[in-house]
Amino acid sequence: MYRKISILFLLIVSQVIYSSEDVWGRVGHQVIGEIATQNLSPIAINQINKILNGQSLALVSTWADEMRSNPKFKKYAPWHYVNMPLDENYHESNKNPKGDIIQAINKCIEVLKEKNSTQEMKSFHLKYLVHLIGDIHQPLHVGRFEDRGGNDIKLNFLGNNSNLHSVWDTRIIEYFTVDYKSLANELMGKKKVQVSLNPIDWTNESKQEVKKIYSKIIGVDTISLDYVNKNFPLIKNQLHKAGLTLANILNNIFK
Ligand SMILES: [Zn+2]
């Protein structure tokens, strides 16, 4: 009986995990949280510890995805991405009246900078900010509307059913990475890159990459090991950049 219940429970849990399809997988977000933490100023560390009651950025980085199955959080679903035609930039494109990742990031920054924001508001918006700066660096989060950022492009990934979004969010990272700390450490050994404080710049960079990703997938129905090996360096660059960007933004808010 208990065995049956626990098997059922595992099935439900795995359904929940696999239904959160349009996200950097856990590992990607945790890597970004860890890199950011190692690049925070002492003032920022202090303030963030107070807001998060000592929880790490890596730990809270996936909270926004974990809440997606909660009906109360349905209205925040558009916060995780922005879709636009490949030949338009953000300014030219029609905005989603329900919000998008750029509006959401700006909102989070505004709430965190506001002296009168309550502890609860700060905690909510900080957890979202940590997550969304990750999402915006995943190129498929600024993908096309008609295929829901690659979610509707079904592909076989090394023998398993998957889709283009999931390949870039999760599959390639998990193919190479067992734990987030080792990947974060590897990336922190790289030369630091200059990053912008403007979300539009991050969007434009992801946009350049997503165009290439779409063009190289035409006519492809199986992701090969060669594809995985060729594209992991770009994913690593994006994770590294996202971590440094998150640190810069937080150091700029808490000073
Ligand atoms: Zn997300």
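**Note on the fold and its small sheet**

1. In this predicted model, 77% of the contacts between residues at least 6 apart in sequence join residues at least 24 apart.

2. On overall dimensions, the protein has 255 residues, for which a compact globule would have a radius of gyration near 18 Å, and the value computed for the protein, 18 Å, agrees with that expectation. The C-alpha trace spans about 55 × 50 × 40 Å along its principal axes, and buried residues account for 38% of the 255 residues.

3. As to secondary structure, the protein contains eleven helices and three strands. Read from the N terminus, the elements follow the order α-α-α-α-α-α-α-β-β-α-α-α-β-α.

4. The three strands make up an open sheet whose order is 2-1-3 and whose pairing is mixed. Strand 2 (160-163) and strand 3 (222-223) occupy the edges, each having a single partner strand, so one side of each is left without a neighbour in the sheet.

5. Within this sheet, strand 1, which covers residues 154-157, pairs with strand 2 in the antiparallel sense, and four bridges connect the two. One residue pair to look for in the structure is Lys154 with Asn163, the latter being the bridge partner of Lys154 in strand 2.

6. How is helix 8 placed relative to the strands? Helix 8, made of residues 164-176, lies across strand 1, strand 2 and strand 3, and runs at about 100° to strand 2. A colleague inspecting the sheet may therefore wish to view helix 8 together with the edge strands 2 and 3, each of which has a single partner strand.

Methods:
Residues are numbered from 1 along each chain as its sequence is written. This is a predicted model: local features need pLDDT of at least 70, side-chain atom pairs count only at pLDDT 80 or more; totals for chains, interfaces and linings use all residues. The radius of gyration is taken over C-alpha atoms; the globule rule is 2.2 Å times the number of residues to the power 0.38. A residue is buried if 20 or more other C-beta atoms lie within 10 Å of its own, exposed if 12 or fewer, and partly exposed in between; C-beta atoms are placed from the backbone. Two residues are in contact if their C-beta atoms, placed from the backbone, lie within 7 Å. Two strands pair if DSSP finds at least two bridges between them. Axes are lines fitted to C-alpha atoms, for helices over the stretch in contact, and angles run from 0 to 180 degrees between N-to-C directions.
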